[in-house]
Amino acid sequence: MALFETEALILRTYNLAEADKIVVCLSRSAGLIRGVAKGCRKLKNRFGASLEPFTLINLTYYEKEHQELVSFRQAEILKSRFNLSSNASILTGFSYIGDLLVDFSPPHQANDNLFRMALACFEAVSETPDDLDSVLRYFEVWLLKLEGFLPDLRSCANCQKTLSGEAAVYLGHDLAVRSFACSNGRGSAISKRLHTQLRAAEKLAPAKFAKEAREIPKDTKQEMAELMFQIIGRVLERMPRIRPASVQ
Ligand SMILES: [Zn+2]
């Protein structure tokens, strides 16, 4: 049995037996892990409030060879988000992020960029709750990018011509983006404005992206939400369990 220590973000918990919980978290050094927290539902227990969803903790756990489920030994709160969980739309938004992290992360595979990106998104919402929707869009773009599913937005998949001058570009069923000439206008149209917005998301930090997105018209935001949801659905081959508020 080996003992490990890592930073981790709590994503979900399930009750187990009378006094225990199964905890799903994204850790910095081991990626997605599922573990048992023994006795954490007893009145006096060593975990306290550290296993509340979306808390950032310093986690110590045991891992047995050939066992998917690890055993939580200790958790120390680094950042609690408990004060935000009374806001229903933030709770839904955080749960949406948590679901997608579970859906897209293979167990026990560290991805430091993904961990830092998720953390930065939680942080940006905690600091400016009004930017929730823009931060969710940012998270979707980067989740797809870091997992290798974000289409190349710089140039046409067919003729390699730069797409920045196009009035609109077209996303095909193969998740490749093409110019009007190469796609014959087939696929999902991405307006010039949205194309610019997606490119901005690729370059900026989440808080900065969200700040600049305040100037973006509502229909472009709507278009971005629909497009991201559509791409995620195609990658997962099903719709996410939670539908963001901006998607109709
Ligand atoms: Zn082309």
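1. Let's start with helix H3, which covers residues 132–146. Helices here are DSSP runs of H or I with at least four residues, strands are runs of E with at least two, and both are numbered from the N terminus. H3 has 15 residues and reaches 21 Å from its first C-alpha to its last, close to the 21 Å expected at 1.5 Å a residue. That expected span is 1.5 Å times one less than the number of residues in the helix. Just after H3 comes Gly148, whose phi is positive, near 85°.

2. A quick word on what you're looking at: this is a predicted model, where local features need pLDDT of at least 70 and side-chain atom pairs count only at pLDDT 80 or more, while totals for chains, interfaces and linings use all residues. Residues are numbered from 1 along each chain as its sequence is written, and side-chain values use heavy atoms, with hydrogens and water left out.

3. Is H3 enclosed or open? Of its 15 residues, 12 are buried, so H3 is largely enclosed by the rest of the structure. Buried means under 20% relative accessible area, exposed means over 50%, and partly exposed is in between (1.4 Å probe, protein chains only). Among the buried residues of H3 are Leu132, Tyr138, Phe139 and Trp142, and charged Arg137 and Glu140 are on that list too. The buried residues pack against helices H1 (88–104), H2 (112–127), H5 (192–203), H6 (206–213) and H7 (218–236).

4. Now take one of those partners, H7. Two packed helices are described by the angle between their axes and the distance between the axes. For H3 and H7, the axes come within 10 Å and cross at roughly 35°. (Axes are lines fitted to C-alpha atoms, for helices over the stretch in contact, and angles run from 0 to 180 degrees between N-to-C directions.) The crossing is left-handed, meaning that the near helix is turned anticlockwise from the far one by less than a right angle; clockwise would make it right-handed.

5. Which residues make the contact between H3 and H7? On the H3 side they are Ser134, Arg137, Glu140, Val141 and Leu144. H7 brings Lys221, Met224, Ala225, Met228, Ile231, Ile232 and Val235. Contact means heavy atoms within 4.5 Å. By class, there are eight nonpolar, one polar and three charged residues. Here Ala, Val, Leu, Ile, Met, Phe, Trp, Tyr, Cys and Pro count as nonpolar, Asp, Glu, Lys and Arg as charged, and the others, Gly among them, as polar. If you wonder about the spacing, an α-helix has 3.6 residues a turn, so residues three or four places apart point the same way.

6. H1 deserves a look as well. This helix has 17 residues and reaches 24 Å between its first and last C-alpha, close to the 24 Å expected. Its buried residues include Ile90, Phe94, Tyr96, Asp99 and Phe104. They pack against strand S1 (2–16), S2, S3, H2, H3 and H7.

7. Asp99 of H1 has a partner, too: it forms a salt bridge with Arg241, the closest N and O atoms being 2.8 Å apart. (A salt bridge is a side-chain nitrogen of Lys or Arg within 4 Å of a carboxyl oxygen of Asp or Glu.) The pair links distant parts of the chain, with Asp99 in H1 and Arg241 in the segment after H7, 142 residues apart. Asp99 is buried at 5% relative accessibility, whereas Arg241 is exposed at 63%.

8. How many salt bridges does the whole structure hold? The search finds 18. In one of them, the side chains of Arg28 and Asp112 meet at 3.0 Å, N to O. Arg28 sits in the loop between strand S2 (20–27) and strand S3 (31–37) and Asp112 in H2, so the pair ties together parts that are 84 residues apart in sequence. Both are partly exposed, Arg28 at 26% and Asp112 at 34%. Glu7, Arg28, Asp112 and Arg116 are linked in a network of salt bridges.

9. Finally, check two residues other than glycine with positive phi. Phe54 has phi near 75°, lies in the loop between S3 and S4 and is buried at 5%. Asn184 has phi near 55°, lies in the loop between H4 and strand S8 (188–191) and is exposed at 53%.
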